[in-house]
Amino acid sequence: MKRKMMIVVVVVLMCTFAFAENMYTFELSLEKSYKLGLGSVGSMIRFYEDFFYVADWQNSKVYVYDKDFKFETYFLERGKGPGEVSGNVFYIEISPEGLIYVFDPMTSRYHVYHEITYQDTFNLGTMMNRFIFLDEKRALFTYIMNPQKRVFAEMDIKEGKNLRDLAYKSKEKGNYQVIEGQVAMTVHEDNLYFGYLLKNKLYKYSLSQDKVVKETELPFIKTTKTSSDQPLAAYYILQICFYHDNILILSADFQGKKMTETMPDFYFYIFDADLKFIERIKLDKMVQDFCLVDDFVYATSGNRVYKYKLIDSHQ
């Protein structure tokens, strides 16, 4: 009898230790707040080699700051010429070799800058939206409209040529591009992780197999219906980044709120690489975008950038 009890105790302890090894506890600690100069508003933020690049949609500028957010310079103008953007919305990403790409979805053009010096302009010839780099030569763009309901196109970023459309197709009916055209995404190793701006879906997509290998929904989220009976989440996936072995997702939750009358609640959701939910952290501020630098989160909010320390007790 004693021997059986000892075996049970050992098994329980082994399970407890195994569970403890896999427990994650994330904390977010506000370290510092920076005010952006020149009346700039941080719509997007990216980091490369000791400098922050803040895209300001309101003023059609990209502002450059050092690591302590001391203003360095700015570039970009509104217009229809080479190196110019036509409207308020544009996207910036920085290639592995340090070139800055500015994409103007209104004209389907992207402009290439070396530091702040204009280099070249390419026209994709079709309506696309967000993009991320796969390597120095290739980038993944999202379609706004595609007759075959394709969502992603792999492009030769140096030549402005389509290399392939990913096999993934929209499953939405009707005006699908309203949902599919707004996708937050990141790439880690062979996998594309993406989620919808207006839909509670998160996917893991193998680029080599060209197929979805796993999908899930974010917990605590309810869905609503539009006038066209389109299922939407009262929720926005704004940005996705890979953090160590986990996925960090910035979200805005409008549940129980009127969008025109009050601000949503902002959260960071954390999943592991296999889309297992780990944790949700509520933010005390509105956040438009963020980037990761080591273990720090730099989040834009109006004319400020907040520096958070992201603590992972599992490391």
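**Entry 1: strand pairing**

I begin with the term I need here: two strands count as paired if DSSP finds at least two bridges between them. Keeping in mind that this is a predicted model, I looked up β4 and found that four bridges join it to strand β5, residues 71-75, with the two strands running antiparallel. Within this pairing, I noted that V64 has T73 of β5 as its bridge partner. The hairpin of β4 and β5 has four residues between the strands, and there I found F69 with a positive phi near 60°.

**Entry 2: the nonpolar cores**

Which residues touch the most other members of the largest nonpolar core? I found that this core has 31 residues, and that F75, V102, Y110 and F141 are the ones that touch the most other members. Several elements give two or more residues to this core, including β3 (51-56), β4 (61-66), β12 (128-133) and β14 (152-156). The largest share, five residues, comes from β9. Apart from this core I noted another one, of 24 residues, with L198, L248, F254 and V287 among them. As background I wrote down that in soluble globular proteins nonpolar side chains tend to be buried together.

I then looked up F75 itself and, leaving aside its neighbours within four places in sequence, found it in contact with several residues, among them Y53, V62, V64, I100 and V102, and also K61 and E115.

**Entry 3: salt bridges**

I next turned to charged pairs, of which the structure holds 14 as salt bridges. K61, which I had met as a contact of F75, forms a salt bridge with E77, and the closest N and O atoms are 3.4 Å apart. This pair links distant parts of the chain, since K61 is in strand β4 and E77 in strand β6 (residues 77-78), 16 residues apart. Is K61 buried or exposed? K61 counts as buried because its relative accessibility is 14%, under the 20% cut-off, whereas E77 counts as partly exposed at 39%.

A second pair I looked up is K204 and D274, whose closest N and O atoms are 3.0 Å apart. K204 lies in strand β18 (residues 202-206) and D274 in the loop between β24 and β25, so this salt bridge ties together parts that are 70 residues apart in sequence. K204 is buried, at 11% relative accessible area, while D274 is partly exposed, at 42%.

I also noted the salt bridge of D284 with K285, with closest N and O atoms 3.3 Å apart; D284 is exposed, with a relative accessible area of 61%. Finally, I found that D135, R138, E154, R164 and D210 are joined into one network by salt bridges that share partners.

How values were computed. Residues are numbered from 1 along each chain as its sequence is written. This is a predicted model: local features need pLDDT of at least 70, side-chain atom pairs count only at pLDDT 80 or more; totals for chains, interfaces and linings use all residues. Side-chain values use heavy atoms; hydrogens and water are left out. A nonpolar core is a set of buried Ala, Val, Leu, Ile, Met, Phe, Trp, Tyr and Cys residues joined through side-chain atoms within 4.5 Å. Buried means under 20% relative accessible area, exposed over 50%, partly exposed in between (1.4 Å probe, protein chains only). Contact means heavy atoms within 4.5 Å. A salt bridge is a side-chain nitrogen of Lys or Arg within 4 Å of a carboxyl oxygen of Asp or Glu.
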